[in-house]
Structures are given as C-alpha cells and as structure tokens.
Amino acid sequence: MTDTGRRRPRRDWVARLAPRGQGGLDGAACPRAVVEDAVARVGSGPVRWAIELNSAVVRRIIDEVPALGGTPATVEMLRRGNEATTFRALFTLAEGPAAAPPLGEATLEGIREFVHRGVPLEQVLQGVRTGHAATAEAFLRACAEHVAPEPALDEVTAVSRELFSYVDDLSDTMIRTYLVEHEVWSTSAAAARADVVRSLLGDVATADVGEASRVLGYDLRRTHEAVVVWSDSPHGGSSLQAAATEALRARGATATLVVPVASGRLWAWGVVPPDGTGPAGAWEAIAESLSQQGMRAAFGTSGGGVAGFRRSHREAERGERVERLRREAGRAPRHATAYAAVAAVALLATDLAAAGDFVRRELGELAAPGAPMEALRTTLYHYIGAERSLMEVARRLHVARGTVTYRVKRAQELLGHDLDDRRFALHTALALAEELGDAVLLPREAERRAPATPRRGSGNVEAGLS
C-alpha cells in the first residue's frame, strides 16, 4: 500500500498523525480493501493511528458496557464496526463532512448482532457515547499537539463541533437501523424460538410444554443433551449450526434444536437415548471434527423433560466457562468438553476469587509462578491421583522414575507437611491449579496492586529447582 495519489487533507495536522506504538496496518480489524482505501485518502500514519486508537476505545467500551462484549468473535465484530466509524471520523476531519462515506456493513452487522442478542438500545447508545468520548478526546489531544498555540483554540473548537455533529448523525442512523432490525427480528420465527428457549431456561415453570414444543419444532418431553458451540471467528453462523448438529448426531441425537445467541456462539440440544450414552468413539470423532473447523464445544449431561433441558444447558455453559479459563491460563485447548469430566473444577471455580484464595493457602510456596514450580505441582497432582505409584506417574508424564521421586520430595519440602495431613484439600487445590493455572495461582488485580509481604524462603524456590 502507498500514500501516492491520495487527496491532500483539508487539515495538514491530520496528515501528521502517527501511532505511539509500533502498530501496523496488519493489525486492522476492517477488511484489507477498506484499509487500503483509507490509506489512499489520508495516508498510512493517520490510518495506523486510528487502528491503535480503536483498540483502546473498544477496551473502554467493553469495560463500561460489558453487554457489548462477550465472546472473542463478538469483540472482533465490535472492533471492526468501531474501526470503520473511526475511519469515517478521520475522513470528516481531514476532508470535510461530505467526505464521510455512508455507514458501512461492518457497523450495521454489529447493530443486527445486538438486536438478536437482546441488547437494549439504551446500552447500544451508551456504547456509542463512550466510544465518542474516548475518540474525541484523542482527536482533540492530537490537534493540540500538532497545531501551533495561536490558532489551536479555534481549531480545537472547530474539531469539537464537527465531531459532535458527526456522532449526532451517527447516533440517529444507528437508532433507525436498530429499530428497523428490531421490528423485523421481533416478528420472525427465529425470535419466537429464542424467546421460548429463554423462557424455558428461566426458573419459571413452563405453562404449556406442548405449545412450546410446537413453536420450537422440538419435543421437550424427551431426554435432552445440551451443547454450547463457539469459535473465535466472527463469521460462520451456518458453519457453527452444522457443527452443533453433527456433534449431537454423533452423540446419538435423533432430533436437534439450534439457537444462535451471539456471533461465533450458539446453544443447541439433541434428543438422545434415555440412558445418555452415545456411540463408542463419539468423543474422539467430535473433537477431531471441531478441531479441523477451529471450533470448540461443551456438552452437558443428559436429562429428561424441561428440567433436564434446562439443567443440561447450565452444565454446558459451566463447561464452556472452564474451557475459557483454561485458555486464559495458556492450557492446551480441548475441542470437545464433557461436563462430567470437569464438573468438580467447574463447581469449585464458581467463585474464582475464593478458589484462588483456597489454592494459594493450601499450596503455599508451591503456588509460586514459573515452569519448574508447575512441573512440581503437576507431578504431585498425578502422584496423589495414582495412589503414589512412581511408575504410573513416570509413564503418564513421560519422565524417569527418579525425576518423579525428586519432584515429589521437593514439593513436600515446600508444602512443609506430610501429604496425608490434608490429602483431599491438597489434591483439590492441585487439580484447580492444573486446570486453571494463573486464574487461581495469582491474586486478583486489586490484590496484586497492594504491597506484597515477602514469604520466608521464597527467594530460594527457583534456585532449588534449577
């Protein structure tokens, strides 16, 4: 991409904008063609500045209006839409209000997403106001930095007026788009199904199971297994639906119900055999298929009737939460997660702050960061689980038996007590650390900001393992 041939900016200081970091054009959320057009109009520096600004603004929007965030795919959609509006603001200031293109598809798809997810218009507008405040602040600061002191006051006033007019028009357009989409969506069959499902998932008893089954085209009186399927890609809604249906069929489902709930995420249920056992080898096949498609899924256990429909879904969502926490901890992804396999961790991590306090209290020095300490925890976890069989642990971890002996001895030294003293609590704490890593090993943000009290002997922990 090149700056050659672009129009001369109406404001020279806009052409001098540049990112503070090393951000490049490849960090853009918008499609390449959109970015290339922006560079041709205002130059590479201002576009890279806008891309960097957008990342900061989106974080601020999600902090203040969490409902606009959610899955990685939803956040990416928000990035793309907000980046497009940031480019439009850039064109408005550089070339005049008439230069701003119409509201693009990137922004419109975000509005449709919010309508389908049931995000109220008030929260959408709050996000617009938050984004505008952060964007205007950045533009005004840049103006003050690049314009000579004498004309700076008049220029800042003009920029502020033009940005206010721009966001006023933007808000009007978004409101109209939201209301039109809301009217269309609210009268659609998809919306009716989504409303029925949300009602079923609430704690209020369903008045007419037969009528709900008719609207859904799915028999709620049978045995159900729920699944949540998600992807980091903002696209591929039909692909997600196909993956969910395929996974449930592999589990033995004879009928399925699929409800998209956000970009890159959906809920689904399947009518399964009453005993809840799927075909042999189904999990391996499901995981392989999802892996190839870049998707992940969490399954609840099967249950009968509306109560089972509801419970299985809640279990699937808990399984999804465990997998998201594991990802944040840097653990290898599991593309298919059965709730039965992670139920204990899911329940123990319901209150993550309390779980972290428990883990750090039980493990003491053994909760310290670093790969050597992680190796001690993992070895001790498997050692207790294998009923202290050195050979079994060595086989599981692919290390020498002597290595297992050394690690167990060193871990016990750091604990300062015999393994039988608090065996259940110790094994539970190790299980949480094994699954969730830093989410339970490190104090929460507020605690990390407080002055730390050095622990006796902590300076020698890593040295003793090297």
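Trainee: Which residues does F87 touch, not counting residues up to four places away in sequence?
Mentor: The model is a predicted one, and contact here means heavy atoms within 4.5 Å. With residues up to four places away left out, the residues that F87 touches are C30, V34, V35, A38, V47, A50 and I51.

Trainee: Which residues touch the most other members of the largest nonpolar core?
Mentor: The largest nonpolar core holds 53 residues. F87 belongs to the group with the most contacts to other members, and the full group is W13, V47, W49 and F87.

Trainee: Which element gives the largest share of this core?
Mentor: The elements that give two or more residues to the core include helix 1 (12–15), helix 4 (72–95) and helix 7 (149–186). Helix 6 (121–146) is also one of them. The largest share is ten residues, and it comes from helix 6.

Trainee: How many residues are in the second core?
Mentor: The second core is separate. Its members include A343, V345, I384 and A411. The number of residues in it is 39.

Trainee: Is R41 buried or exposed?
Mentor: R41 is placed in helix 2. A residue counts as buried under 20% relative accessible area. R41 has a relative accessible area of 12%, so it is buried.

Trainee: Over which ring does the charged end of R41 sit?
Mentor: The charged end is 4.0 Å from the centre of the ring in question. That ring belongs to F91.

Trainee: What separates the C-alpha atoms of R41 and A15?
Mentor: Along the chain, R41 and A15 are 26 residues apart. In space, their C-alpha atoms are separated by 10.0 Å.

Trainee: How many aromatic pairs does a search of the whole structure find, and what kind is the pair of W267 and W269?
Mentor: The search finds five aromatic pairs. In the pair of W267 and W269, the ring centres are 6.5 Å apart and the planes are at 80°. Planes over 60 degrees apart count as edge-to-face, so the pair of W267 and W269 is edge-to-face.

Trainee: Which residues form one aromatic cluster with W267 and W269?
Mentor: W267 and W269 are both buried. The cluster that contains them is completed by Y218 and F309.

Trainee: What kind of pair do the rings of W283 and F299 make?
Mentor: Their centres are 4.9 Å apart. Their planes are at 85°, so the pair is edge-to-face.

Trainee: Where do W283 and F299 lie?
Mentor: The pair links distant parts of the chain, with its two residues 16 residues apart. W283 is in helix 11 (residues 282–293), and F299 is in strand 4 (residues 295–299).

Trainee: Which of the two, W283 or F299, counts as buried?
Mentor: W283 has 29% relative accessibility, so it counts as partly exposed. At 1% relative accessibility, the residue that counts as buried is F299.

Trainee: Why are L390, V393 and A394 on the same side of helix 16?
Mentor: L390, V393 and A394 are the buried residues in helix 16 (residues 390–397). They are on the same side because the arc they cover around the axis is only 100°.

Trainee: Which residues are exposed on the other side of helix 16, and what covers the buried ones?
Mentor: On the other side, M391 and R395 are exposed. The cover over the buried residues includes helix 15 (371–385) and helix 17 (401–415).

Trainee: What is the phi of H398?
Mentor: Most residues other than glycine have a negative phi. H398 lies in the loop between helix 16 and helix 17. H398 is not a glycine, yet its phi is positive, about 60°.

Trainee: Where is E387, and what is its phi?
Mentor: E387 is in the loop between helix 15 and helix 16. This residue is other than glycine, and its phi is positive, near 55°.

Trainee: Are E387 and H398 buried or exposed?
Mentor: A residue over 50% relative accessible area counts as exposed. E387 has 60%, and H398 has 71%. By that cut-off, E387 is exposed, and H398 is exposed.

Trainee: What part of the protein do buried residues make up?
Mentor: The protein has 21 helices and six strands. Its residues number 466, and the buried ones make up 48%.

Conventions:
Residues are numbered from 1 along each chain as its sequence is written. This is a predicted model: local features need pLDDT of at least 70, side-chain atom pairs count only at pLDDT 80 or more; totals for chains, interfaces and linings use all residues. Side-chain values use heavy atoms; hydrogens and water are left out. Buried means under 20% relative accessible area, exposed over 50%, partly exposed in between (1.4 Å probe, protein chains only). Helices (H or I, at least four residues) and strands (E, at least two) are DSSP runs, numbered from the N terminus. The arc is that of the directions from the helix axis to the C-beta atoms. Rings of Phe, Tyr and Trp (its six-membered ring) pair if their centres lie within 6.5 Å; planes under 30 degrees apart count as stacked, over 60 as edge-to-face and the rest as tilted. A charge sits over a ring if NZ of Lys or CZ of Arg is within 6 Å of the ring centre and within 35 degrees of the ring normal. A nonpolar core is a set of buried Ala, Val, Leu, Ile, Met, Phe, Trp, Tyr and Cys residues joined through side-chain atoms within 4.5 Å.
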